[in-house]
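The exercises below concern pockets, a cavity, a nonpolar core and a small sheet. Work through each task before reading its solution.

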Amino acid sequence: MTRTMTYVTIAAEPLKAVMREIVTAAGSDRREAGLVADHLVEANLTGHDSHGVGMLPRYVEVFLAGDLKVNQHVAPVTDAGALLTLDGKAGFGQVMAFEAMEQGIERAARHGVAVVGLSNSHHIGRIGHWAEQCIRAGYVSMHYVNVISEPVVAPFGGRDARFVTNPFCVGIPLPGREPVLLDFATSRIAMGKVRVAMNKGEQVKPETLLDHRGEPTTDPNELFAEPHGAILPFGEHKGFGLAVVCELLGGALTGGGTLHYKPSSRAIINNMLSIIIDPNRLGTAANLSSETAEFVKWVKESPVARGVDRIRIAGEPEQDSRRRRGAEGIPIDATTWGEILDAAAQLGLKRPDIERLAGLS
């Protein structure tokens, strides 16, 4: 609960209270406001500010435009036992994905495996959050996601944006130990991280962005100015290939759409294909646990490179960040905090009341 020239630092629980207040002011019920607030702040706790509370001003903008619907629930489209497709009805993605995983977990308990297609949901945020929901149930999960929004990522070999950041995620529970959690955008950097860099007045790394002419740039403003620049895919043709797979499996196989036009709305629509597996029903849970432990031990015995303190398995950086920010608070740059206050004001909330909730007054 501190303030500097460029940052405010807010503890997790007061920050959740702020998020709940703003989402409630948009008309969401208590459950919905809580799910949205918990998800956004958890993203900040894990170090993924790109998917955290800085997204809320965009949500408010889309809500006021009538393209984000409050108090929605997923609706079944196809139900074939272990196979399920659901319509997110343009509702808060933090609710739509939570309910989709709830139903997928229930089907995996019943059948040993579930394949869940979620379409037409507003932004579902950090995908690792949904893998963590499956992990808590003891299940392995894989998630392929596409995005229907303004294109921001160039194809490998291309000079302008043709799709969005199309994340991929895998969660692997390990009884008695921290899980393996792989969660990344198929672009070289998440769009939200470019926004964070812009708000902080920082440059991005070379070979990350193209300007509106298709030339390399390190200026994050190029992505948001008119005409727009583009983010490059990670791993050249390999990341581009995975982005295409996420577009087709997440977008088309779920019954949703693929991005082959420039949407007029500022809404961020996600479609997600999730595969949820019960390793106990597969008969390999003990093997998964023991082999993973041996593999991780083997990998971590590698001599570390210069400047590296230790080898981290996917999910460990987020665990480290959660512990650190849980103790020290969550830093929010002044520009992002100002945008949050402005969004609150648009919904009739007063700045002193928001700052009091945040513990800043």
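**Exercise 1.** Which residues lie nearest the centre of the second largest pocket, and how many residues line the pocket?

Solution. The model is a predicted one.
- Step 1: the lining of the second largest pocket has 20 residues, and Glu42, His129, Glu132, Arg136 and Arg322 lie nearest the centre.
- Step 2: two or more lining residues come from each of helix H2 (30-45), helix H4 (93-111), helix H5 (128-136), E8 and helix H11 (316-328).
- Step 3: H5 has the largest share, six residues.
- Step 4: by class, the lining of this second largest pocket holds six nonpolar, six polar and eight charged residues.
- Step 5: its volume is about 320 Å³.

**Exercise 2.** Describe the largest pocket by volume, lining and contributing elements.

Solution.
- Step 1: the largest pocket encloses about 810 Å³.
- Step 2: its lining numbers 38 residues, with Ser50, His51, Met55, Met191 and Gly192 nearest the centre.
- Step 3: at least two lining residues each come from H3, strand E6 (140-148), strand E8 (177-184) and H6; H6 gives the most, six residues.
- Step 4: the lining of the largest pocket comprises 17 nonpolar, twelve polar and nine charged residues.

**Exercise 3.** Characterise the largest cavity, then turn to the largest nonpolar core.

Solution.
- Step 1: one cavity reaches 30 Å³ or more, and the largest cavity has a volume of about 40 Å³.
- Step 2: helix H1 (12-25) and helix H3 (56-64) each give at least two residues to the lining of the largest cavity, and H3 has the largest share with four.
- Step 3: the lining of the largest cavity has ten nonpolar residues and no polar or charged ones; Ile22, Leu56 and Phe92 are among them.
- Step 4: the largest nonpolar core has 80 residues, and Leu15, Met19, Ile22 and Trp337 have the most contacts inside it.
- Step 5: leaving aside residues up to four places away in sequence, Met19 touches Ala37, Leu40, Val41, Val53, Leu56 and Ile340.

**Exercise 4.** Is Thr208 buried or exposed, and how is the sheet beside its loop arranged?

Solution.
- Step 1: Thr208 lies in the loop between helix H6 (191-200) and strand E9 (209-210).
- Step 2: Thr208 counts as buried because its relative accessibility is 6%, against a cut-off of under 20%.
- Step 3: beyond four places in sequence, Thr208 touches Arg188, Ile189, Ala230, Ile231 and Leu232.
- Step 4: three strands form an open sheet in the order E10-E9-E11, with antiparallel pairing. Strand E10 (216-217) and strand E11 (230-231) are at the edges with a single partner strand each, so one side of each has no neighbour in the sheet.
- Step 5: E9 and E11 are joined by two bridges, and Leu210 stands opposite Ala230 in E11.

Methods: Residues numbered from 1 in each chain as written. Predicted model: local features only at pLDDT ≥ 70, side-chain atom pairs only at ≥ 80, totals over all residues. Heavy atoms only, no water. Buried < 20%, exposed > 50% of the residue type's maximum accessible area, 1.4 Å probe, protein only. Contact = heavy atoms within 4.5 Å. 1 Å grid on protein atoms, 1.4 Å probe; cavity = no way out; pocket = protein on both sides within 12 Å on 5 of 7 lines; lining within 4 Å. Points joined across faces, edges and corners; volume = space filled by probe spheres on them. Nonpolar A, V, L, I, M, F, W, Y, C, P; charged D, E, K, R; others polar. Core = buried A, V, L, I, M, F, W, Y, C linked by side-chain atoms within 4.5 Å. Pairing = 2+ DSSP bridges.
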